[in-house]
Amino acid sequence: MFQCFTSFYKLKTVASPGRGILAMDESNATCGKRLASIGLENTEANRQAYRTLLVTAPGLGQYISGAILFEETLYQSTTDGKKMGLVPLAGSNDESWCQGLDGLASRTAAYYQQGARFAKWRTVVSIPNGPSALAVREAAWGLARYAAIAQDNGLVPIVEPEILLDGDHGIDRTFEVAQKVWAEVFFYLAENNVMFEGILLKPSMVTPGAECKEKATPQQVAEYTLKLLHRRIPPAVPGIMFLSGGQSEVEATLNLNAMNQGPNPWHVSFSYARALQNTCLKTWGGRPENVKAAQDTLLTRAKANSLAQLGKYTG
Ligand code: 13P
């Protein structure tokens, strides 16, 4: 899914100590699911009210250096109705690919005009469905073409091949798939002459599948994930901004904290949606009188992850 990203600051500031990104780029359909969970209708007014609550939380900028927005938010209300994002990948094992490359150059130029300085392209890889060699290549190639086009139009591309948590596989299988995916992503990024100093990565952490009986400790997640990053990600890349992928709020913070116990060649931080927003959304419940309490819970999570980025989170 291609989404727009408005930076508050430049790249070095986004990847600065103690700060990460607030992912609030849920598509209207996903935002609808979140609103339904608190009994609200999926109207533009409700989406706007919730997104306003998030971005106006006082003091958030101390912990959050940028926000990823959905196209509707960037333009406030106008969307051109074009279908972009994940669709079935013909010829694969019931897998998906991310469409939207056609016309991307003119759209990225327009997003830049509208004030965006970053962009995000999310594609997914499913472990239970293979992943097939075809699906991995399409994911990697699509990300590389998007990154080249975004850079050509002045936007910093966030490169996100999400390896989905679904499945009962163990952590070694996730590691194996992640190695394959990132090898191909960097092969095609290089082929497309993408400047590594001008991208950010948004990976999944290396964890067991969500239905795996054996759980991993934060130390194990950190060990596997850092091993993957060291093997596959050049130090020229300035920032690794993890997604939370369905981990609980506390798990996502503990795992990030474990990864920041020693020096890393990249800024290792967060770009969470659910792990920053879950409690906030529930606390709000769609009631104006709860806005402040909801913003407080958002700040609590942002601060915890800020500490985790510094390796100083103690619970
Ligand atoms: P989660 O942190 O909820 O996985 O979302 C991050 C995101 O932007 C996925 O694209």
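Student: Why is strand β7 called largely enclosed by the rest of the structure?
Tutor: Count its residues. Seven of the eight residues of β7 are buried, so the strand is largely enclosed. Keep in mind that this is a predicted model.

Student: What makes β6 largely enclosed as well?
Tutor: The count again. β6 covers residues 118-125, and eight of the eight are buried, so the rest of the structure largely encloses it.

Student: Which residues point each way from β6?
Tutor: F118, K120, R122 and V124 point one way. A119, W121, T123 and V125 point the other way. Both groups are buried.

Student: What makes β6 and β7 a pair, and in which direction do they run?
Tutor: A pair needs at least two bridges. Eight bridges join β6 to β7, residues 156-163, and the two strands run parallel. For example, F118 has V156 as its bridge partner, and K120 has I158.

Student: What makes β7 and β8 a pair?
Tutor: The same cut-off of at least two bridges applies. Two bridges join β7 to β8, so the cut-off is met. These strands are parallel too. I158 stands opposite L200 in β8. The chain gets from β7 to β8 through α7, and this β-α-β crossover is right-handed.

Student: Which elements make a β-α-β unit with β6, and what is its hand?
Tutor: Helix α6, residues 133-152, and β7 join β6 in that unit, which is right-handed.

Student: What is notable about the peptide bond from G130 to P131?
Tutor: Most peptide bonds are trans. The bond from G130 to P131 is cis, with omega near -15°. P131 sits in the loop between β6 and α6.

Student: How do you know that the span of α7 agrees with its number of residues?
Tutor: Set one value against the other. Helix α7 has 21 residues, 171-191, and at 1.5 Å a residue they should span 30 Å. Its end C-alpha atoms are 30 Å apart, so the values agree.

Student: Which residues of α7 are buried, and what covers them?
Tutor: The buried ones are I171, T174, A178, V181, W182, E184, V185, F186, Y188 and L189. Their cover includes β6, α6, β7 and α8. Residues three or four places apart in an α-helix point the same way, because there are 3.6 residues a turn.

Student: What makes the phi of N193 stand out?
Tutor: Most residues other than glycine have a negative phi. N193 is not a glycine, yet its phi is positive, about 60°. N193 lies in the loop between α7 and β8.

Student: Why is N193 called exposed?
Tutor: Exposed means 12 or fewer other C-beta atoms within 10 Å. N193 has 11, so it is exposed.

Student: Where is D94, and why does it count as exposed?
Tutor: D94 is in the loop between β4 and β5. The cut-off is 12 or fewer, and D94 has 12 other C-beta atoms within 10 Å, so it counts as exposed. Its phi is positive as well, near 60°.

Student: Why is M205 called buried?
Tutor: Buried needs 20 or more other C-beta atoms within 10 Å. M205 has 26, so it is buried. M205 lies in the loop between β8 and α8. Leaving aside neighbours within four places in sequence, its contacts are V221, T225, F242 and N255.

Student: Why does R107, in helix α5, count as buried?
Tutor: With 20 or more as the cut-off, R107 passes, because it has 21 other C-beta atoms within 10 Å.

Student: How do you know that α9 is mostly covered?
Tutor: Nine of the 11 residues of α9 are buried. Among them are E249, A252 and N255. The buried residues pack against α8, β9, β10, α10 and α11.

Student: Which residues surround the ligand, and how do they divide by class?
Tutor: The shell is A23, D25, R122, E160, L243, S244, G245, Y272, A273, R274 and A275. By class, five are nonpolar, two polar and four charged. R122 also belongs to the buried residues of β6.

Conventions: Residues numbered from 1 in each chain as written. Predicted model: local features only at pLDDT ≥ 70, side-chain atom pairs only at ≥ 80, totals over all residues. Helix = DSSP H or I, 4+ residues; strand = E, 2+ residues; numbered from the N terminus. Right-handed = clockwise from strand over helix to strand, strands pointing away. Expected span 1.5 Å × (residues − 1). Contact = placed C-beta atoms within 7 Å. Near = placed C-beta within 6 Å. Nonpolar A, V, L, I, M, F, W, Y, C, P; charged D, E, K, R; others polar.
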